[in-house]
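Me: I have a structure open in front of me and would like to learn how to read it. Could we go through it together, one feature at a time?

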Amino acid sequence: MTSARPAVLIAIVLALAVLPLTTSNGYYQDVIVQIYMWAAAAAAWNLLGGYAGQFSLGHAAFFGIGAYTSSLLFLKAGLTPWLGMFAGGALAALFALVIGYLSIRLRGPFFTLSTIALAEVLLILAVHWRQLTGGAEGVSLPPTPDPVNFTFDDRRVYGLVGLGFLLVTMGATYMIERSRLGYYLVAIREEEEAARAVGVPVLRVKLIAAVVSAFLTALVGTFYAQYVLWIEPSHMFSLDVSIQLALIVIIGGLGTLFGPLIGAALVIPLNMFLRAWLGAAVSGLYLVVYGFVLVLVVLYAREGVWAEVRRRLRPAGPRSVQEPA
Amino acid sequence: MTAQALLNVERVTKRFGGLTAVRDVSFTVAEGDMVGVIGPNGAGKTTLFSVLSGFLQSDAGEVHFDGRPIDRLSPEARCRLGLCRTFQLVRPFGNMSVLQNVMVGAFIRHRTPAAARAEAERVLELTGLSGIASVLARTLPVELRKRLEVARALATSPRLLLLDEVFAGLNPTEINGMVEFLRRLHAERLTLLIIEHVMAVIMTVSQRILVLHEGAKIAEGPPADIARNPRVVEAYLGEEYLLA
Amino acid sequence: MIFVELAVAGIMLGGVYALISIGLTLIFGVLRVVNFAHGEMLMLGMFLAYWAYTLAGLPAWLTAPLSIPVFALLGWLVYRLVVRRTLGMGDVVQIFATVGIGVLLQNGALVLWTGDFRTVRGDYAEALLRIGGVQLSLPLLVAFAVAIVVSGILFLLLNLTLEGKAVRAVAQDPISALALAIDTDRVYMKTFVAGVCCVGLAGVLLAPNYPIFPAIGVSFGLVSYVVVVLGGLGSMVGALLGGFIIGMIEVVSGYFLATALKQALYFVIFVLVLLVRPQGLFGQRGAETMGFGKIV
């Protein structure tokens with residue numbers, strides 16, 4: 001549970017709000033926007049993965065549903081993405097509810113396998129249902145700045161909007177942590193059987209986490225669509241997206257409020273640096289690094305890099321009673 | 001005093017492949033009872049508890065709680081009805097504080113965090129754990145973990161509590177403390193079904209004892225009768241625990 | 001006539017899937033580890049066959065036995081450095097350690113060899129046999145035969161040799177096996193290595209029949225999980241039968257359904273089996289508790 005005082009939290013929020021305004025370099029602005037965006041999506045993933053302990057590698061599905069729904073509603077029905085976003089969220093939530101009802105009963109790795117399969121299905125659907133989704137070529141959104149329809153010309157504005165999304169997902173996390181749902185989530189993660197023995201409705205709790213997570217992820221999907229202005233199946237529904245979300249949270253600290261932000265602040269600049277340094281010629285190198293880092297972190301710094309660093313720096317704190325054998 | 005059975009166990013059987021862990025066991029527990037369950041290692045006691053609390057599905061037989069059949073209910077559903085269990089190998093929520101652990105139990109009847117906290121604090125007071133309310137559960141020694149396990153179960157406002165070897169690993173002083181504690185709970189109209197290996201305790205604490213051996217119930221009665229029962233003594237021959 | 005063609009195609013495909021899944025069910029059944037990099041190891045086998053042919057003119061059937069020491073080394077390294085440290089460590093570690101390896105392997109291949117589709121050509125690769133009225137690819141027949149032979153050998157080893165019994169003991173109850181002074185670490189290591197060798201071999205033998213590119217492991221990997229879950233963990237017979245069933249389903253449904261629906265069908269089979277009969281067709285009881293989690 002987060003123990004940070006409100007004053008500290010407010011200070012952090014203000015700092016994040018000011019950050020996009022401190023630079024006029026387009027590249028750095030892009031980095032900041034991407035950090036906020038991916039941190040927001042990762043925070044949504046964190047609800048299901050970090051808090052409920054169900055590790056989805058199919059979250060790209062919700063990301064894609066959000067992006068496609070708002071974009072198609074805009075292009076075909078003229079609905080502003082500000083509203084279309086919620087339609088996408090609702091659709092993703094429904095999807096999570098229906099599929100989750102079955103797959104959440106599966107144990108750890110099997111659940112993960114089923115989520116990978118799901119995202120695959122959606123990917124194939126998106127590619128083949130050309131009349132709806134434009135097939136493999138994807139869908140483009142008009143680049144003309146149009147705030148009413150969620151398009152801006154100034155990256156800094158995107159930065160602030162992205163921060164808004166981040167605050168929504170982190171805010172949701174914060175509120176959940178303090179609620180009955182939050183206690184139940186941690187209990188399940190700690191000792192699922194013991195939680196059942198004291199009446200925690202495990203399936204229902206996990207399902208709620210899945211639905212909220214899906215909804216929020218879809219919202220960020222819309223932001224992505226409006227920022228990049230071009231979406232296509234192999235980007236939106238790819239396993240790489242899902243892995244990036246998981247990696248961000250694992251590095252930053254699973255099941256913590258700031259984990260996603262810390263993780264994104266580390267992973268996204270690394271990603272962009274690798275891409276810039278090696279260029280498109282060696283695509284995939286950043287993923288090699290991801291894979292390598294993922295294995296290392298998971299074996300040697302399971303609670304996240306931040307937690308690991310703190311543990312090394314702080315001398316053994318006072319423990320009330322000695323550890324049992 | 002009504003003779004209404006709170007728990008009615010009828011011919012419950014549980015098999016694991018070729019092994020019959022619980023064989024045709026029947027008994028009843030009335031409201032306000034304090035019943036002990038004993039038997040040599042491997043007698044099927046914990047398996048019986050797992051079936052009663054819903055963690056295992058029985059292969060035959062029926063269990064009724066408060067008149068209702070509960071065989072199809074999940075552990076969490078049974079807990080909501082008032083049937084709660086503790087584990088032999090205690091399972092605290094390690095990264096939560098003592099208070100938070102108990103709150104998880106309290107949430108079943110108190111929906112808001114504030115109400116759950118109040119209830120949890122009341123239970124901590126009752127169980128003598130108030131002093132360590134903010135201590136992280138995984139740093140606790142065994143005795144306190146056991147008390148926490150019971151406290152957490154108490155917070156669910158159970159009507160019947162299944163305690164699995166709650167005395168194991170405690171020293172004599174701690175045992176006395178726990179016995180006193182259970183007596184107090186019982187005095188508050190809490191019905192208890194207790195698995196125990198520590199003979200001295202179970203004999204003094206229970207009103208009635210069930211003896212399991214190789215999955216079957218071989219005896220049932222007041223402690224004095226059980227201690228003299230030749231079948232019971234025979235079942236324990238070779239075991240460390242001789243009946244006084 | 002179409003039925004015969006479909007049936008033959010289904011059986012052949014089934015043989016492919018069976019071959020791929022043997023290694024997986026072994027690893028899965030004994031270590032209870034879901035190796036998310038399984039498909040990527042298959043992919044490496046395919047590339048090995050490709051390079052062996054392109055650089056040295058070796059046909060796949062010759063590369064096959066030569067691949068075994070290569071994959072034995074790979075399996076050993078992966079086990080010692082990574083898998084061993086994930087046992088009993090909970091879901092996060094178990095899942096993401098092998099996911100990481102899979103990502104690493106797939107993208108490493110992408111960086112080294114680009115995403116271009118490559119094919120193995122040559123006399124062996126393109127050889128066809130006529131049996132009955134049907135034309136069959138020789139490499140595919142060989143793969144089919146190898147699947148049966150390898151699973152047969154493994155089955156005999158597991159059931160008749162002392163070593164094999166130790167493996168089964170560890171699979172059923174690692175803690176008791178320890179008590180019997182069985183070196184579980186060695187058993188795990190050997191099993192993992194054997195499993196990796198199997199899937200590497202599968203990749204080599206299947207290289208002539210498929211386009212070879214880094215991402216090819218993904219869909220094969222997913223299908224092999226459906227096969228193993230259907231057939232039952234740790235069961236050689238299950239891997240074979242499961243492979244054939246899935247192969248037939250794929251061919252028949254491919255005739256009627258779109259690709260996306262086929263994938264959805266696999267998902268449904270996967271979930272249903274796990275929910276209704278988690279031990280699959282031939283798996284051991286107690287498989288429902290799989291998903292290592294924490295050792296109490």
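Reply: Gladly! Let us begin with one residue: B:Q100 is buried, because 22 other C-beta atoms lie within 10 Å of its own, and 20 or more is the cut-off for that label. Do keep in mind that this is a predicted model.

Me: Which helix holds B:Q100?

Reply: B:Q100 sits in helix 3 of chain B, which covers residues 98-106. You can also relate this residue to another one in space: B:Q100 and B:V166 are 66 residues apart along the chain, and their C-alpha atoms are separated by 21 Å.

Me: Now the strands. In which sense do strand 1 and strand 2 of chain B pair?

Reply: To read a pairing, look at the sense of the two strands and then at the bridges. Strand 1 (residues 5-16) and strand 2 (residues 19-30) of chain B are antiparallel, with 8 bridges. As an example to find on screen, B:L7 has B:V29 in strand 2 as its bridge partner. The hairpin formed by these strands has 2 residues between them, and B:G17 in this hairpin takes a positive phi near 60 degrees.

Me: Over how many bridges do strand 1 and strand 4 of chain B pair?

Reply: There are 5 bridges between strand 1 and strand 4 (residues 60-65) of chain B, again in the antiparallel sense. Here you can look for B:V9, whose bridge partner in strand 4 is B:V63.

Me: How do I read a whole chain, say chain A? How many helices and strands does chain A have?

Reply: Count the elements, then check the overall dimensions. Chain A has 15 helices and 2 strands. Its radius of gyration is 20 Å, which agrees with the value near 20 Å for a compact globule of 325 residues. The C-alpha atoms of chain A fill a box of roughly 65 × 45 × 40 Å along the principal axes. Of its 325 residues, 56% count as buried. Contacts tell you about the fold as well: among those in chain A between residues at least 6 apart in sequence, 78% join residues at least 24 apart.

Me: And what pattern does chain C follow along the sequence?

Reply: Chain C reads α-α-α-α-α-β-β-α-α-α-α-α-α-α, with 12 helices and 2 strands in total. Its radius of gyration is 19 Å, close to the 19 Å from the globule rule for 296 residues, so chain C is as compact as a globular protein of that length. The box for its C-alpha atoms is roughly 55 × 40 × 35 Å, and 51% of the residues in chain C are buried.

Me: Can we look closely at one helix of chain C?

Reply: A helix has a useful rhythm: with 3.6 residues a turn, residues three or four places apart point the same way. Take helix 11 of chain C, residues 236-256: its 21 residues reach 30 Å from the first C-alpha to the last, close to the 30 Å expected. Its buried residues include C:G243, C:G247 and C:E250.

Me: Last feature: how many residues do chain C and chain A bring to their contact?

Reply: Chain C brings 35 residues and chain A brings 39. On the side of chain C, the elements giving two or more residues are helix 4 (91-113), helix 10 (216-231) and helix 12 (259-276). Helix 4 of chain C gives the most, with 16 residues. By type, the side of chain C that touches chain A has 25 nonpolar, 8 polar and 2 charged residues.

Terms used
Residues numbered from 1 in each chain as written. Chains lettered and ligands numbered in written order. Predicted model: local features only at pLDDT ≥ 70, side-chain atom pairs only at ≥ 80, totals over all residues. Helix = DSSP H or I, 4+ residues; strand = E, 2+ residues; numbered from the N terminus. Rg over C-alpha atoms; globule rule 2.2 N^0.38 Å. Buried ≥ 20, exposed ≤ 12 C-beta atoms within 10 Å, placed from the backbone. Contact = placed C-beta atoms within 7 Å. Pairing = 2+ DSSP bridges. Expected span 1.5 Å × (residues − 1). Nonpolar A, V, L, I, M, F, W, Y, C, P; charged D, E, K, R; others polar.
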